[in-house]
Amino acid sequence: LSAQVVEGETKGSNNERPEWMRDLNKRQQKFVCGCLGITSWDGKDIPFYVETMPKINDVVWVKITQVNDTSAVVQLLEYGKREGIIPYTEVTRRRVRSMGKLIKVGRTEPAQVIRIDKDKGYIDLSKKLVTPNEAKACEAHFRQGNEVRSIVCHVAELCDIPAMDAMEMIAYPLYQREPGKHAWTWLYELNQTEDVERILGPLKLDKAISDCLMSTLKNAMRLKVL
């Protein structure tokens, strides 16, 4: 591939598949994707929810990406990998000699939002404030949200539409339809009842997208998320 072709086809968006790649199989696409630095086709950087920031006291699922002398840098995996900070004073209530035993790069775990500066985009979190029950509920909520995103992004790939557009058409409206009801629960009900009109009717999806979603659910929807 010439540098000119690569630059011309990928300039302006890293989220859409270049036209010249559509004849490649998935393995070839993944290889070229890595070479070009295009990493978001699989939806891993797309937020679970329409909200771009969590709220104070929310318990969110984070991944530790960096550890320094005073804090740990984390990614909020439900919010498009937005960065946050866990100060060492918020790691544990116990006295410990080495924070390295409690904070390890690459580990995923729950943390509670304690401060937000929306203007600067800063998010401070606490690990020590999370109760065992909150931790268990947060992990289950994250797993369900991750499955919703994976299903919707797979539908986007099959229907040849941007993954973010698919989330805005399917997942986000389901989250907002009934307060407290997870989009995963809506998709589970859809898979079990096949009541397309009741569940998908308000979304006004194209029939091709609706049919693709139903087919994907039959193949991918697990009966239970631990």
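Start by selecting C212: its relative accessibility is 12%, so this cysteine counts as buried (under 20% relative accessible area; exposed is over 50%, partly exposed in between, with a 1.4 Å probe and protein chains only). You're looking at a predicted model, where local features need pLDDT of at least 70, side-chain atom pairs count only at pLDDT 80 or more, and totals for chains, interfaces and linings use all residues. Residues are numbered from 1 along each chain as its sequence is written, and side-chain values use heavy atoms, leaving out hydrogens and water.

Now add C159, whose sulfur is the nearest cysteine sulfur to that of C212, 3.7 Å away. C159 has 22% relative accessibility, so it counts as partly exposed. Are the two bonded or unbonded? C212 is in no disulfide (a pair of cysteine sulfur atoms within 2.5 Å), and neither is C159. Search the whole structure and you'll find zero disulfides.

Next stop: select helix α3 (residues 132-159) and helix α5 (residues 183-193), whose axes come within 8 Å and cross at roughly 60°. Helices here are DSSP runs of H or I, at least four residues, numbered from the N terminus. Axes are lines fitted to C-alpha atoms over the stretch in contact, with angles from 0 to 180 degrees between N-to-C directions. The pair is therefore oblique (not under 35 degrees, over 145, or 65 to 115).

Finally, show the side chains where they touch. Q144, E147 and V148 in α3 meet A183, W184 and L187 in α5, contact being heavy atoms within 4.5 Å. Of these residues, four are nonpolar, one is polar and one is charged.

How values were computed
Helices (H or I, at least four residues) and strands (E, at least two) are DSSP runs, numbered from the N terminus. Ala, Val, Leu, Ile, Met, Phe, Trp, Tyr, Cys and Pro count as nonpolar, Asp, Glu, Lys and Arg as charged, and the others, Gly among them, as polar.
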